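Please open the structure in a viewer and keep the sequence panel visible. The tour below proceeds by selections, each followed by a description of what is found there.

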Amino acid sequence: MRIDKFLWFTRFAGSRNLAQDWVVAGHIRLNGRRIERCSANVKTGDVLVLPMRSRVTVIEVLGLPARRGPAPEAQACYRLLDASRDDALDAPGETPLARPQTNT
């Protein structure tokens, strides 16, 4: 499956055009290699490094989605590998304004 389509189907990108722009800008890593082509293939077992708004998210591809379905269906297609933080900041679909403020 194309990487831009995977990012859109799994709800990391709000649209396929946004996913394509994100990939072409060279911000995505696939198995440690910088990807700049939207046609790069993603398969089960691949590791993606995705720069989110305030941190980097590392995921392992568990399956390829057949469609852009509901969030639980999309989340079943990947596993977070950077579980060092308890909170899910910058999860797909979450905006910075929607996060609760914490005083630390």
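**The chain as a whole**

Begin with a cartoon view and follow the chain from the N terminus: its elements run α-α-β-β-β-β-α-β. The model is a predicted one. It contains three helices and five strands. Of the 104 residues of the chain, 36% count as buried. If contacts are restricted to residues at least 6 apart in sequence, 42% of them join residues at least 24 apart.

**The sheet**

Select the strands next. All five belong to an open sheet in the order 2-1-3-4-5, with antiparallel pairing. Strand 2 (33-35) and strand 5 (78-80) stand at the edges; each has a single partner strand, so one side of each is left without a neighbour in the sheet. From one strand to the next, the twist averages 30°.

Now restrict the selection to strand 1 (residues 28-30) and strand 2. These two strands run antiparallel and are joined by three bridges. Which residue of strand 2 is the bridge partner of Ile-28? The partner is Ile-35.

**The nonpolar core**

Display the side chains of Ile-3, Leu-7, Phe-12, Ile-28, Leu-48 and Leu-50. The largest nonpolar core has 20 residues, and these six touch the most other members. Ile-28 therefore appears twice on this tour, as the bridge partner of Ile-35 and as one of these core residues. Colouring by element shows where the core draws its residues: helix 1, helix 2 (16-24), strand 1, strand 3 and strand 4 (56-61) each supply at least two. In soluble globular proteins, nonpolar side chains tend to be buried together.

**Asp-4 and its surroundings**

Select Asp-4, which lies in helix 1 (residues 3-9). Is this residue buried or exposed? Asp-4 counts as buried because its relative accessibility is 0%, under the 20% limit for that class. Beyond the residues up to four places away in sequence, Asp-4 touches Arg-16, Ala-19, Gln-20 and Cys-38.

Add Arg-2 to the selection. Asp-4 forms a salt bridge with Arg-2, and their closest N and O atoms are 3.1 Å apart. The two partners differ in exposure: Asp-4 is buried, whereas Arg-2 is partly exposed, with a relative accessible area of 32%.

**Further salt bridges**

A search of the whole structure finds six salt bridges. Side chains of opposite charge can pair when their charged atoms come close.

Move to Arg-34 and Glu-36, which form one of these pairs, with the closest N and O atoms 3.2 Å apart. Arg-34 is partly exposed at a relative accessible area of 48%, and Glu-36 is likewise partly exposed at 45%.

Then select Lys-43 and Asp-46. In this salt bridge the closest N and O atoms are 3.3 Å apart. Lys-43 is exposed, with a relative accessible area of 52%, while Asp-46 is buried, at 4%. Returning to Asp-4, one may select Arg-2, Asp-4 and Arg-16 together: salt bridges that share partners join these residues into one network.

**The loop between strand 2 and strand 3**

Select Ala-40, located in the loop between strand 2 and strand 3 (47-51). Ala-40 counts as buried, at 6% relative accessibility. Which residues does Ala-40 contact, leaving aside its neighbours within four places in sequence? They are Met-1, Arg-2, Ile-3 and Ile-35. Several of these have been visited already: Arg-2 in the salt bridge with Asp-4, Ile-3 in the nonpolar core and Ile-35 as the bridge partner of Ile-28.

Draw a distance from the C-alpha atom of Ala-40 to that of Leu-30. These two residues are 10 apart in sequence, and the C-alpha atoms are 8.8 Å apart in space.

**The cysteines**

Finally, select Cys-38 and Cys-77. How many disulfides does a search of the whole structure find? The number is zero. Cys-38, already seen touching Asp-4, is buried, with a relative accessible area of 13%. Cys-77 is also buried, with a relative accessible area of 9%.

How values were computed:
Residues numbered from 1 in each chain as written. Predicted model: local features only at pLDDT ≥ 70, side-chain atom pairs only at ≥ 80, totals over all residues. Heavy atoms only, no water. Helix = DSSP H or I, 4+ residues; strand = E, 2+ residues; numbered from the N terminus. Buried < 20%, exposed > 50% of the residue type's maximum accessible area, 1.4 Å probe, protein only. Contact = heavy atoms within 4.5 Å. Salt bridge = Lys/Arg side-chain N within 4 Å of Asp/Glu carboxyl O. Pairing = 2+ DSSP bridges. Axes fitted to C-alpha atoms, helices over the stretch in contact; angles between N-to-C directions. Disulfide = S-S within 2.5 Å. Core = buried A, V, L, I, M, F, W, Y, C linked by side-chain atoms within 4.5 Å.
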